[in-house]
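Q: Could you take a close look at one part of this model, a pair of packed helices and the loop that leads into them, and describe it in connected prose?

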Amino acid sequence: MKRKTVFIIILCAALIAATVVIVMLTNESTTGNNTAYTANKELAEGDAKSDAENSTKTAVCSFYPVYIAAKNIAKGVEGLNLTCLSQPQTGCLHDYQLTTDDVKLIESAGLLICNGGGMESFVNAAEYAKTYPGLRVLYASENLPVNELEEDNAHYWMDADLYEIYAQKVAIALSDFDTENAGIYMENYAAYREKIEETIALRDELSLEGKKVVNLSEPLSYLATDLGMEVSMFIDLEEEESISADTLAKACEILRSEDAVILYDEEGAEVANTLVTETGAKAVCLDVITTGDGNEDAWISGMTSNYNLLKEIQ
Ligand SMILES: [Zn+2]
């Protein structure tokens with residue numbers, strides 16, 4: 001009996017020992033797997049990191065107003081190459097033709113930020129999707145509040161409220177494109193929105209509701225209506241090579257009979273001067289923010305200056 005008990009005890013001890021060894025082995029192999037997984041994960045993360053470090057993302061803006069908005073949104077972001085297709089002195093893109101360098105730039109980009117509304121007639125988003133599968137195209141004016149838009153007038157950035165939404169769309173597009181820096185883009189947008197709203201506060205101090213306007217610049221149509229002014233006559237100097245005597249006479253009549261003011265940009269200086277000489281009406285030369293030195297504050301300073309100039313005709 002004693003021997004049998006000793007045998008059972010030894011057998012149990014052996015079983016316990018075997019179980020302990022098995023459990024230890026299992027644990028070791030699991031830990032081993034975990035170690036391998038962690039190492040692989042680190043390797044994968046390392047790869048992704050070096051990929052991100054090595055490949056700079058490129059976002060291309062079509063022209064000045066879009067570029068100024070994007071410059072504010074992308075401030076301080078490393079690894080993003082933000083460029084502008086047209087030169088800062090090009091102005092609007094109504095008749096723009098792509099150069100070979102432009103095409104190369106688009107090919108190298110991951111995001112193309114456009115104004116929309118027909119401004120970039122050279123961009124065919126559907127065609128681009130096929131030709132450049134890795135390229136996203138954003139129209140900053142997409143789904144802007146329709147009742148505030150004018151047909152065939154794509155100079156939306158001249159309406160301060162529309163510009164705030166426009167900048168927000170640029171921020172969302174950049175965040176989606178470069179998710180790693182999404183937080184910075186949205187923070188930058190919040191800061192930029194504050195600046196835009198400070199500028200809007202200057203607009204709201206003006207009292208120009210119902211003031212009649214002879215407008216010589218299409219972009220200024222948004223600015224005028226945003227201020228509640230009424231455009232009695234628009235002379236499209238971009239379309240008309242020379243202004244007819246009839247058109248001039250009609251403009252003079254409106255300026256006199258409606259006590260209207262002339263709004264123009266620097267392109268319209270000559271016509272504005274003629275009208276002032278003829279009628280003695282007040283004329284204000286405003287910044288349409290399509291050209292400049294590329295300073296990120298171009299929209300803020302341009303609109304602030306515009307609102308200050310308009311104080312003179314209240
Ligand atoms: Zn234009």
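A: What follows describes a helix pair, then a residue in the loop before it, and then the confidence of the model.

This is a predicted model, in which local features need pLDDT of at least 70 and side-chain atom pairs count only at pLDDT 80 or more, while totals for chains, interfaces and linings use all residues. Residues are numbered from 1 along each chain as its sequence is written.

Helix α5 spans residues 160–177 and helix α6 spans residues 182–205, and their axes come within 9 Å and cross at roughly 175° (axes are lines fitted to C-alpha atoms, for helices over the stretch in contact, and angles run from 0 to 180 degrees between N-to-C directions; helices are DSSP runs of H or I with at least four residues, strands runs of E with at least two, numbered from the N terminus). That makes α5 roughly antiparallel to α6, a term for angles over 145 degrees. Among the residues that meet are Y163, A167 and L174 in α5 and Y185, Y189 and I196 in α6, where contact requires C-beta atoms, placed from the backbone, within 7 Å.

W157 lies in the loop between β4 (136–139) and α5, and it counts as buried because it has 27 C-beta neighbours inside 10 Å (buried requires 20 or more other C-beta atoms within 10 Å). Not counting residues up to four places away in sequence, W157 touches P65, Y163, Y166, I289 and W299; P65 is 92 residues apart from W157 along the chain, yet their C-alpha atoms are separated by 7.0 Å.

As for confidence, the mean pLDDT (the predictor's confidence in each residue, from 0 to 100) of the protein chain is 86, and 82% of its residues reach 70 or more.

Notes: Parallel < 35°, antiparallel > 145°, perpendicular 65-115°, else oblique. Contact = placed C-beta atoms within 7 Å. Buried ≥ 20, exposed ≤ 12 C-beta atoms within 10 Å, placed from the backbone.
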